[in-house]
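Student: I should like a close examination of a single part of this structure. Please begin with one residue, describe its surroundings, and then place that region within the whole chain.

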Amino acid sequence: MPADFNGYWKMLRNENFEEYLKALDVNIAVRKIASRLKPDKEIIQDGNHMIIKTLSSFKNYIMDFEIGTEFEEDLTGVDGRTCM
């Protein structure tokens, strides 16, 4: 059984995030916006099933997956990518 991450989490600071996004080849406009945001995270965990909601004034994003199972993450609404 994984650790219990259920809860509502607030980002306090965001260090070197723009450099991280640059290394991922995220375009400059998205990098500038994302590096200034301090989104909250709501984590809902039921055993190995996780739902992670990223909540911000710019865009909300939901990731729904099973721990230990590969899944496709659709980031087309965030930065135009999909990844595994």
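Tutor: The starting point is K53, which lies in strand β3. The model is a predicted one, and the description that follows should be read accordingly.

K53 has a relative accessible area of 24% and is therefore partly exposed, since the buried class ends under 20% and the exposed class begins over 50%. Setting aside neighbours within four places in sequence, K53 is in contact with D40, K41, E42, I44, Y61 and I62. For E42, the C-alpha atom is 5.0 Å from that of K53, with the two positions 11 residues apart in sequence numbering.

The pairing of β3 gives these contacts their setting. Strand β2 (residues 40–46) and strand β3 (residues 49–55) run antiparallel and are joined by 7 bridges. Within this pair, I43 stands opposite I52 in β3. β3 also pairs with β4, again in the antiparallel sense, over 6 bridges. There, T54 stands opposite Y61 in β4. The connection from β3 to β4 is a hairpin through 5 residues.

These pairings belong to an open sheet of 4 strands, with the order β1-β2-β3-β4 and antiparallel pairing. Its edge strands are β1 (7–10) and β4 (61–66), each of which pairs on one side only. From one strand to the next, the twist averages 15°.

The β4 side of the sheet shows a clear division of side chains. Y61, M63 and F65 point to one face and are buried, whereas I62, D64 and E66 point to the other face and are not buried. In a regular strand, side chains alternate between the two faces of the sheet. Y61 and I62, both contacts of K53, thus appear on opposite faces of β4.

The buried side chains of β4 lead to the largest nonpolar core, which consists of 7 residues: I43, M50, I52, Y61, M63, F65 and L75. Two or more residues of this core come from each of β3 and β4, and β4 gives the largest share, 3 residues. In soluble globular proteins, nonpolar side chains tend to be buried together. One member of the core, I43, has contacts beyond four places in sequence with F5, N6, G7, W9, M50, I51 and I52. M50 and I52 thus occur both among the contacts of I43 and in the core.

At the other edge of the sheet, K10 has its place in strand β1. K10 counts as exposed because its relative accessibility is 58%, and the exposed class is over 50%. The C-alpha atoms of K10 and D40 are separated by 4.6 Å, although the two residues are 30 apart along the chain. D40 is also one of the contacts of K53.

Two loop residues deserve separate mention for their backbone. N16 is found in the loop between β1 and α1 (17–23), and its phi is near 60°, a positive value in a residue other than glycine. With 57% relative accessibility, N16 counts as exposed. D25 lies in the loop between α1 and α2 (28–36), and its phi, near 65°, is likewise positive in a residue other than glycine. The relative accessible area of D25 is 64%, and D25 is exposed.

The UniProt record, in an unreviewed entry, lists residues 7–24 under "domain: Cytosolic fatty-acid binding proteins". In the model this span is 39% helix and 22% strand, and its end C-alpha atoms lie 29 Å apart.

For the chain as a whole, the secondary structure comes to 2 helices and 6 strands, which follow the pattern β-α-α-β-β-β-β-β along the sequence. The C-alpha trace spans about 40 × 25 × 20 Å along its principal axes. Of the 84 residues, 24% count as buried. Among contacts with a separation of 6 or more, residues 24 or more positions apart account for 32%. The accessible surface comes to about 6,300 Å², and 54% of it belongs to carbon and sulfur atoms.

Notes. Residues numbered from 1 in each chain as written. Predicted model: local features only at pLDDT ≥ 70, side-chain atom pairs only at ≥ 80, totals over all residues. Heavy atoms only, no water. UniProt positions renumbered as here; feature names shortened; annotations may be inferred. Pairing = 2+ DSSP bridges. Axes fitted to C-alpha atoms, helices over the stretch in contact; angles between N-to-C directions. Core = buried A, V, L, I, M, F, W, Y, C linked by side-chain atoms within 4.5 Å. Buried < 20%, exposed > 50% of the residue type's maximum accessible area, 1.4 Å probe, protein only. Contact = heavy atoms within 4.5 Å. Areas by Shrake-Rupley, 256 points an atom, 1.4 Å probe, with all protein chains shown as cover.
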